[in-house]
Amino acid sequence: MLLFVVVLTTAIPGAAFSAPAQPPNPDPQRIREERAEVRHAADRVRVLARRLDDVESELAGLSAVVGRSLERVNKARIDLRRAERAGRAAERAARAATAASEAADRRLVRSRDRMDDFIEGSYKQGSVLGSIPAFVGADDAGDALDRASLLRVLARSQLDVLDELRAARVTKANQDAAAREAALEAERKRRAAERARVEAETARRKAVSARESRREEVAQLRAERESARRRLTAARAEVETLLAQRDRHRRWLEADRDEPRPPVPAGDSRSPDRAETGSAASSAVETVVSRALSQRGVTYAWGGGDADGATRGIRDGGVADAHGDYRKIGFDCSGLMVYAFAGIGIRLPHYSGYQYRAGERVPLARKQRGDMLFWNDGGGVHHVALYLGDGRMVEAPYSGARVRVTEVRYAGIAPYAVRLL
């Protein structure tokens with residue numbers, strides 16, 4: 001009886017062993033429906049991508065029109081400034097002509113005054129130059145000749161004054177006419193330049209308005225495309241999940257359920273080696289997460305961050321420069337990942353595109369704490385963040401912001417997470 005009890009007791013552990021539970025077997029109809037959803041979403045993405053390409057081409061053309069219209073505005077402004085300068089020069093020329101004419105008039109008046117003074121003086125002396133008594137009153141022939149010479153000199157002087165008067169009047173008339181014509185021509189050019197400037201500015205505003213309208217359409221199409229991509233990603237992930245479930249079910253069916261399996265030690269469903277490995281991986285994940293979270297509130301700086309922490313940003317010739325990132329100490333998105341993973345000895349390149357290739361890619365639906373999430377567009381990967389679990393992530397978002405914890409954004413997210421641990 002005692003022997004029977006011993007045998008029964010040693011048989012209990014074996015009797016307690018049971019085969020693995022049957023994995024779920026998805027309905028084939030559901031798999032077909034999900035595959036149809038993938039095809040539908042993929043078609044929608046292609047349609048939107050083509051439409052987006054068309055509108056972006058139109059936008060590029062409109063941007064070129066805006067550029068040309070801006071150049072025409074610049075030309076019109078330069079022409080207007082030149083016309084205004086020419087007008088001012090014409091006004092100065094007119095003033096100079098008036099001044100020259102007035103100076104000639106003053107010279108003429110002075111010459112007349114001198115002639116009048118001389119004649120008046122001769123009259124008071126008892127003779128009138130140029131008259132017969134002036135010759136009769138001469139003492140001798142030499143005196144008469146001197147008086148005759150003087151009369152000739154005075155006559156020539158008077159003729160010279162008259163010639164100067166006529167020349168001055170002609171010059172004045174010519175200069176006044178030229179000045180008036182120059183002023184009129186300058187004013188015509190100024191008005192034409194002003195009309196050209198107004199027309200060019202109007203054309204520029206119309207082109208900018210058309211471009212902005214296309215930009216709004218592009219933004220809307222991009223949003224629709226990203227929504228379709230998210231739908232496609234989700235549908236693909238669902239299909240992969242269902243296919244994986246079906247494969248596990250098939251393997252379960254094909255397995256030899258009669259083959260005894262070694263019991264699992266009580267209190268742990270894993271082998272000691274696997275438990276130790278899992279514990280180490282979990283510790284590494286927490287180190288990475290802890291280092292990333294320790295930088296919350298640190299300034300975003302494009303190009304900033306290395307294995308030792310925040311660094312000064314660099315110039316990008318655009319948005320980052322406008323925010324002064326090259327003067328700030330902080331992280332950009334990939335720099336934060338470099339710092340986080342450096343804590344466990346993983347050296348990542350400071351570029352999100354290379355980080356996307358740095359580890360195992362897993363479907364987005366199977367992302368885990370410590371995985372890197374990426375965002376891309378037609379130009380490739382442009383952002384990375386660290387997944388924290390429960391739909392949250394830590395990131396260095398953009399110029400002007402700070403390192404933060406936020407909900408995962410699915411617009412534009414890449415279909416795979418990258419796992420390094």
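**Reading charges and a pocket in a predicted model**

Me: Let's begin with one pair in this predicted model. How far apart are the closest N and O atoms of Glu194 and Arg197?

Reply: Glu194 and Arg197 form a salt bridge, and their closest N and O atoms are 2.9 Å apart. The general idea is simple: side chains of opposite charge can pair when their charged atoms come close. Here both residues belong to helix α4, three residues apart, about one turn of the helix.

Me: Are Glu194 and Arg197 buried or exposed?

Reply: In between. Glu194 counts as partly exposed because its relative accessibility is 25%, and Arg197 is partly exposed too, with a relative accessible area of 24%. The cut-off to keep in mind is that buried means under 20%.

Me: How many salt bridges does a search of the whole structure find?

Reply: It finds 21. Try the one between Arg404 and Glu395, where the closest N and O atoms are 3.0 Å apart. Look at the two ends separately: Arg404 is partly exposed at 29% relative accessible area, whereas Glu395 is buried at 0%. Salt bridges can also share partners, and that is how Glu181, Glu185 and Arg188 end up in one network.

Me: What about the Glu181 and Arg188 side chains in that network?

Reply: They meet in a salt bridge at 3.3 Å, N to O. Glu181 counts as partly exposed, at 44% relative accessibility, and so does Arg188, at 42%.

Me: Now the opposite case. Which side chain of opposite charge is nearest to the buried Asp332?

Reply: That would be Lys328, but it is 13 Å away, and Asp332 has no salt bridge. The general idea still applies: opposite charges can pair when the charged atoms come close. For a salt bridge the cut-off is 4 Å. Asp332 sits in the loop between β2 (329–330) and α7 (333–342).

Me: With which side chain does Asp332 make a polar contact?

Reply: With the side chain of His350, at 2.8 Å. When you read a buried charge, check polar contacts as well as salt bridges.

Me: Last one: how many residues line the largest pocket, and which lie nearest its centre?

Reply: There are 17 lining residues, with Asn376, Asp377, His382, Ala411 and Gly412 nearest the centre. The pocket's volume is about 320 Å³. To read a lining, ask which elements supply it and what its chemistry is. Here α4 (141–254), β4 (372–377) and β5 (380–389) each contribute at least two residues. By class, the lining has eight charged, five polar and four nonpolar residues.

Notes. Residues are numbered from 1 along each chain as its sequence is written. This is a predicted model: local features need pLDDT of at least 70, side-chain atom pairs count only at pLDDT 80 or more; totals for chains, interfaces and linings use all residues. Side-chain values use heavy atoms; hydrogens and water are left out. On a 1 Å grid over the protein atoms alone, a cavity is a set of points where a 1.4 Å probe fits but cannot get out, and a pocket is an open set with protein on both sides within 12 Å along at least five of seven lines; lining residues have an atom within 4 Å of a point. Grid points are joined across faces, edges and corners, and a volume is the space filled by probe spheres set on the points. Helices (H or I, at least four residues) and strands (E, at least two) are DSSP runs, numbered from the N terminus. Ala, Val, Leu, Ile, Met, Phe, Trp, Tyr, Cys and Pro count as nonpolar, Asp, Glu, Lys and Arg as charged, and the others, Gly among them, as polar. Buried means under 20% relative accessible area, exposed over 50%, partly exposed in between (1.4 Å probe, protein chains only). Lys and Arg count as positive and Asp and Glu as negative; His and the chain ends are not counted. A polar contact is a pair of N or O atoms within 3.5 Å; within protein, one must be able to donate a hydrogen and the other to accept it, and residues adjacent in sequence count only if both atoms are side-chain atoms.
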